Amino acid sequence: MAQSQGWVRRCFKAFCKGFFVAVPVAVTFLDRVVCVARVEGSSMQPSLNPGGSQSSDVVLLNHWKVRNFEVQRGDIVSLVSPKNPEQKIIKRVIALEGDIIRPIGYKNQLVKVPRGHMWVEGDHHGHSFDSNSFGPVSLGLLHAHATHILWPPERWQKLESVLPPERSPVHTSEE
């Protein structure tokens, strides 16, 4: 009887030690390196949620890749909504600081993206609450870079950083 209690106690101690090491490591990993998120809505169709409201894609979000606020035109990123800080949104980066962009819905108006900002848009124009509504977004609101679709299994793929040709900046800061 004493031996069985000793075995239970040793197992319990080992479990507790493992638990108190594994939980902080897992939380740090999910907070600083990668996590997964379900994409809701139609703003990123056809890239994400092509089936509309019938299905929701689940994407891998890479926090580590954006830790120095380094993004490229065409990247699909997650960011804190400029209008509702409680909400995260997912959009495509269209222009970076110094770029000049022609917003959708404004006739012959050009916008220069200020330093420390980016211009983001959903792929489904007219069904997206994006920079065409709220203007350039601070890089400080950047949350993560979406790299892969994980679910549903038939859509499992790497997300490419492709800038739609019709949405290229009028002038880029590199020119």
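These legends accompany close-up views of a predicted model.

**View 1. The overall fold combines 2 helices and 10 strands.** From the N terminus, the order is α-β-β-β-β-β-β-β-α-β-β-β. The protein has 175 residues, and 37% of them count as buried. Among contacts with a separation of 6 or more, 58% link residues 24 or more positions apart. The accessible surface is about 10900 Å². Carbon and sulfur atoms hold 58% of that surface.

**View 2. Serine 43 sits in a loop between two strands.** Strand E1 (34-38) lies on one side of this loop in sequence, strand E2 (58-62) on the other. Serine 43 has a relative accessible area of 12%, so it is buried. Leaving aside neighbours within four places in sequence, its contacts are Ile90, Lys91, Gly122, Asp123, His124, His127 and Ser128.

**View 3. Lysine 91 belongs to strand E4.** This strand covers residues 88-96. Lysine 91 is buried because its relative accessible area is 4%, under the 20% cut-off. Not counting residues up to four places away in sequence, lysine 91 touches a set that includes Met44, Asp75, Val77, Glu121, Phe129 and Asp130.

**View 4. Ser43 and Lys91 carry the UniProt annotation "active site" (unreviewed entry).** They span 49 residues in sequence, yet their C-alpha atoms are no more than 8.0 Å apart, so they gather at one spot. Both Ser43 and Lys91 are in the lining of the largest pocket.

**View 5. A polar contact joins the side chains of serine 43 and lysine 91.** The distance is 3.0 Å. Which residue of this pair is in the loop between strands E1 and E2? Serine 43 is; lysine 91 is in strand E4.

Notes:
Residues are numbered from 1 along each chain as its sequence is written. This is a predicted model: local features need pLDDT of at least 70, side-chain atom pairs count only at pLDDT 80 or more; totals for chains, interfaces and linings use all residues. Side-chain values use heavy atoms; hydrogens and water are left out. Helices (H or I, at least four residues) and strands (E, at least two) are DSSP runs, numbered from the N terminus. Buried means under 20% relative accessible area, exposed over 50%, partly exposed in between (1.4 Å probe, protein chains only). A polar contact is a pair of N or O atoms within 3.5 Å; within protein, one must be able to donate a hydrogen and the other to accept it, and residues adjacent in sequence count only if both atoms are side-chain atoms. Contact means heavy atoms within 4.5 Å. Accessible areas come from the Shrake-Rupley method with a 1.4 Å probe; for residues, only the protein chains shown count as cover. UniProt positions are given in the numbering used here, feature names are shortened, and annotations may be inferred rather than shown by experiment. On a 1 Å grid over the protein atoms alone, a cavity is a set of points where a 1.4 Å probe fits but cannot get out, and a pocket is an open set with protein on both sides within 12 Å along at least five of seven lines; lining residues have an atom within 4 Å of a point.
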